[in-house]
Amino acid sequence: MEEPKRETVLAAVLDWYAAVGVDTSLGDEPVDWLARGDVAPGDELRRRLAEPAAAPASMATPSSAPSPAPPRAAPPGGADDRARPAMQQRAALAPDQALMAARETARTAADLAALEAALASFDGCGLKATAKNLCFFRGAAEARLMIVGEAPGRDEDIEGRPFVGRAGQLLDRMLAAIGLAEGDVHITNIVYWRPPGNRTPTPQEAEVCRPFLERQIELVKPEVVLLLGGAAAKHMLGVADGIMRLRGSWRTMPLASGARLPAMATLHPAYLLRTPVAKRMAWRDLLAVEARLSREADRA
């Protein structure tokens, strides 16, 4: 039986890596991917693995001459660097500078379209360098219930919308169980770009996105905020407790503007997919949200 070609096997391995969320390769030396234009880490690795293996020196014929070495890349600031897009030439902002820029940029957004445009041009969050798409929100532009999760995943990164994968489909079924559809809610995350390998966003990444999220909350004008998962709950409530201690009770979510909104933390749909027995706890949280929205409607 003929064995599969090396290139076929390696391509299959790469496809499997991508399917399980491995999209960043690590090497002995750091690589500035921003300086490589639109070439993603996986694309570079796939190209290298697809190249035919070099013949050992002992197998080379006397008449064969070594290939000339490729020209070295021009150092930063050279002619090649001047030809790169402006975004790739821009040095990364220091954390405090990025946060100040985020606050200034978010404050000037008059509506969600302007806020999305501001996010698209903002380079202060390092997640943007490795993500494919900005994931802003899905649902209604204004909604009584705003849902805030952790971060986009692989499916969300591809489609450019939050909660569209398996966890998002479960979330839609959970909302339907209390009589809510996509057009009744506003769904987003504490960060707008997918972290490499679906890892949890760092506090710095979440903090630099927060001015945009708070402006988004102001524009959406929700009556109630539902926080999905520990990362979102701890970041938005400013606490260190785990999700099992936070969920199931009403909390007050403070904003930089001085506003304070009622918030309910619950288990993330991705966790519920792994732990179906926990769905009963999430169901109790959803019923509490439904009751709160009904009371607010009666008062109005």
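Mentor: Let's get the words straight: a helix here is a DSSP run of H or I with at least four residues, a strand is a run of E with at least two, and both are numbered from the N terminus. Keep in mind that this is a predicted model.

Trainee: Okay, then where does Asn-198 sit?

Mentor: Asn-198 is in the loop between β3 and α9.

Trainee: And what makes Asn-198 count as partly exposed?

Mentor: Its relative accessibility is 40%. Buried needs under 20% and exposed needs over 50%, with partly exposed in between, so a residue at 40%, like Asn-198, gets the middle label.

Trainee: What's unusual about the phi of Asn-198?

Mentor: Most residues other than glycine have a negative phi. Asn-198 isn't a glycine, yet its phi is positive, near 60°. Lys-221 does something along those lines: not a glycine either, with a positive phi of about 60°. You'll find Lys-221 in the loop between α9 and β4.

Trainee: Why is Lys-221 called exposed or buried, whichever it is?

Mentor: Set its value against the cut-off: exposed means over 50%, and Lys-221 has 53% relative accessibility, so it counts as exposed.

Trainee: What about Gly-183: buried or exposed?

Mentor: Exposed, because its relative accessibility is 55%. Gly-183 is in the loop between α8 and β3. Its C-alpha atom is 5.0 Å from that of Gly-139, although the two are 44 residues apart along the chain.

Trainee: Let's go the other way. How do you know whether Gln-216 is buried or exposed?

Mentor: Buried means under 20%, and Gln-216 has a relative accessible area of 0%, so it is buried. This residue lies in helix α9.

Trainee: Which residues is Gln-216 in contact with, leaving aside its neighbours within four places in sequence?

Mentor: Among them are Leu-112, Leu-115, Phe-136, Phe-137, Met-146 and His-186. Leu-112 and Leu-115 belong to helix α6 (residues 112-120), where they are buried along with Ala-118 and Leu-119.

Trainee: What puts those four on the same side of α6?

Mentor: They cover an arc of only 120° around the axis, so they end up on the same side of α6. What covers these buried residues includes α5, β3 and α9.

Trainee: You've mentioned α5 and α9. How are they packed?

Mentor: Two packed helices are described by the angle between their axes and the distance between the axes. For α5 (residues 95-107) and α9 (residues 203-220), the angle is about 10° and the axes are 8 Å apart.

Trainee: Why is that pair called roughly parallel?

Mentor: The label needs an angle under 35 degrees. About 10° is within that, so α5 is roughly parallel to α9.

Trainee: What kinds of residues make up the contact of α5 with α9?

Mentor: Eight are nonpolar, two polar and four charged. The α5 side includes Ala-98 and Leu-99, and the α9 side includes Val-208 and Phe-212.

Trainee: On to the sheet. What makes β1 and β5 its edge strands?

Mentor: The order is β1-β3-β2-β4-β6-β5, in an open sheet of six strands with mixed pairing. β1 (138-139) and β5 (250-254) each pair on one side only, and they are the edges. Helix α8 (residues 166-177) packs on the sheet too, touching β1, β2, β3 and β4 (224-228).

Trainee: How do you know β2 and β3 are paired?

Mentor: Pairing takes at least two bridges. Five bridges join β2 (residues 145-149) to β3 (residues 185-189), and the two run parallel. Val-148, for one, stands opposite Thr-188 in β3.

Trainee: And which strands pair with β4, over how many bridges?

Mentor: β2 is joined to β4 by four bridges, running parallel, with Met-146 opposite Val-225 in β4. β4 also pairs with β6 (residues 260-266) over four bridges, again in the parallel sense, and Leu-228 stands opposite Thr-266 in β6.

Trainee: Why is β4 described as mostly covered?

Mentor: Five of its five residues are buried, and buried means under 20% relative accessible area. In a regular strand the side chains alternate between the two faces of the sheet. In β4, Val-224, Leu-226 and Leu-228 point one way, while Val-225 and Leu-227 point the other way, and all are buried.

Conventions: Residues are numbered from 1 along each chain as its sequence is written. This is a predicted model: local features need pLDDT of at least 70, side-chain atom pairs count only at pLDDT 80 or more; totals for chains, interfaces and linings use all residues. Side-chain values use heavy atoms; hydrogens and water are left out. Axes are lines fitted to C-alpha atoms, for helices over the stretch in contact, and angles run from 0 to 180 degrees between N-to-C directions. Angles under 35 degrees count as roughly parallel, over 145 as roughly antiparallel, 65 to 115 as roughly perpendicular and the rest as oblique. Contact means heavy atoms within 4.5 Å. Ala, Val, Leu, Ile, Met, Phe, Trp, Tyr, Cys and Pro count as nonpolar, Asp, Glu, Lys and Arg as charged, and the others, Gly among them, as polar. Buried means under 20% relative accessible area, exposed over 50%, partly exposed in between (1.4 Å probe, protein chains only). The arc is that of the directions from the helix axis to the C-beta atoms.
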